[in-house]
Amino acid sequence: MLQPRNLTFDELGDLAAIIPGPEPVLQAMVNPIPQFGVKPRRPIIPVCEPTLSGNELKYVTEAVETNWISSAGGYIRRFEALFAEKMGTRYGVACANGTVALHLALATLGLEPGDEVIIPTFTMIATANAVTYLGARPVLVDSEPQTWNMDVTQVEAKITPRTRAITVVHTYGHPVDMAPINALAEKHGLFVLEDAAEAHGALYRGRPAGSLGDAACFSFYGNKIITTGEGGMVTTDREDVARLAWNLRDHAFSTERHFWHKFVGYNYRMTNLQAAIGLAQTEQLERFVEMRRANAAYYTQQLQQIPGVTTPPEAEWARNVFWMYGILLGPEFGLTRDELRHSLAQRGIETRTFFIPMHCQPIYFDQYRGERYPVAEDLCRRGLYLPSASNLTREDLDAVVDAIRECRAEKLDS
Ligand SMILES: *Cc1c(COP(=O)(O)O)cnc(C)c1O
């Protein structure tokens, strides 16, 4: 039987201090008796929810009515084509989720055990797991404080003769500074994969995330900027990568004989129902991005006045799409990150902590024992993200900002 790796705080040593406390229980807010003209606040403001306000229902209905509900059907191709076009690439390979998109893209490289893939330690677990699934080793790089992304100046020192690829992650919707990454990749013959799961619509020097390396992976999970419920896509300009990914996605059936397999393929297909939703969502991408950017601008304008709050970055060469609106708390704020999350949860406001770095994860701790990544650790210790859905109203945003002010005032008074 598979056994869990139970990492103790003793083993973690001083890293234990950055590990978030238990999840606070979200309590629905009881509104005061409504007065004339005062709109009651939503009892719970979730950290994210989808916006299904376009052709989603129409296209799904059409898929059902025409009997095309599995993984053949016109919406798959239409979704792949429109999404790839918006991401600025020639090809899109739709698949079951963002994690398998990463697995599929790396699988096209033919990685072997002992091969290495450079990734940021500050990321979601799937970035590392996709490398591990292939028997290769994730090699970690710290973040930089300006954009919270992988520190591009620390990558070259991690390149060895076994390095095959660099996976960059456009964290929380802010693109990575790609020029130095691509220059290194060219110099050392490496594949560049963008984990763009959080960055639909983000721009780097005017060019879309998803078109900045050899291939990119997107997620369409329910909390992503575009959702299909569950889903993912590999985008690429490289015909060889796209063809192989399409084939591996579908058990690697061969063209000469159907039940004849020259690769160990996967069933990572997306359904036509999901693609129907994805097409409708993609049609609205620009609007979703504008909504997120407007929400973020409002949050920043309000929150930057509060001592000890660091608002999210946007480099002058970047369009951040603020998949999640993250903030860092400093000592002047007066509450720790966990204390603020707890008080907000009591007011029906859902938040999330930042990522726990890969070198602190029970499953990866032994591989990286002794390695330290101070910027990623600091982000983990001090960061949280606030409700960030595209469809938040001005009332929702005000409720969140007011609650943060209230929590702080209460603590300072006590
Ligand atoms: C969401 C996410 C993934 C995984 O996508 P799923 O569709 O949930 O499998 C991978 N990487 C990053 C950075 C993500 O945020």
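Q: By class, how many nonpolar, polar and charged residues does the shell around the ligand have?
A: This is a predicted model, where local features need pLDDT of at least 70, side-chain atom pairs count only at pLDDT 80 or more, and totals for chains, interfaces and linings use all residues. Residues are numbered from 1 along each chain as its sequence is written, and side-chain values use heavy atoms, without hydrogens or water. Met-124, Ala-126, Val-169 and Ala-197 are among the residues around the ligand (a heavy atom within 4 Å), as are Asp-195, Glu-198 and Lys-224. With Gly counted as polar, the shell has four nonpolar, five polar and three charged residues.

Q: Which residue has a polar side-chain atom 2.5 Å from an oxygen atom of the ligand?
A: Asp-195 places a polar side-chain atom 2.8 Å from a ligand nitrogen atom. Lys-224 brings one to 3.0 Å from a ligand oxygen atom. The 2.5 Å approach to an oxygen atom belongs to Thr-99.

Q: How much of the ligand's accessible area does the protein cover?
A: On its own, the ligand has 380 Å² of accessible area (Shrake-Rupley method, 1.4 Å probe). Of this, the protein covers 92%.

Q: Is α4 parallel or oblique to α5?
A: Helix α4 spans residues 98-107 and helix α5 residues 125-133. Their axes come within 9 Å and cross at roughly 40°. That crossing makes the arrangement of α4 to α5 oblique.

Q: At roughly what angle do the axes of α9 and α12 cross?
A: Helix α9 covers residues 285-303, and helix α12 covers residues 394-413. Their axes come within 11 Å. The two helices are roughly parallel to each other (under 35 degrees), with axes that cross at roughly 30°.

Notes:
Polar contact = N/O pair within 3.5 Å; in protein donor to acceptor, adjacent residues only side chain to side chain. Axes fitted to C-alpha atoms, helices over the stretch in contact; angles between N-to-C directions. Helix = DSSP H or I, 4+ residues; strand = E, 2+ residues; numbered from the N terminus. Parallel < 35°, antiparallel > 145°, perpendicular 65-115°, else oblique.
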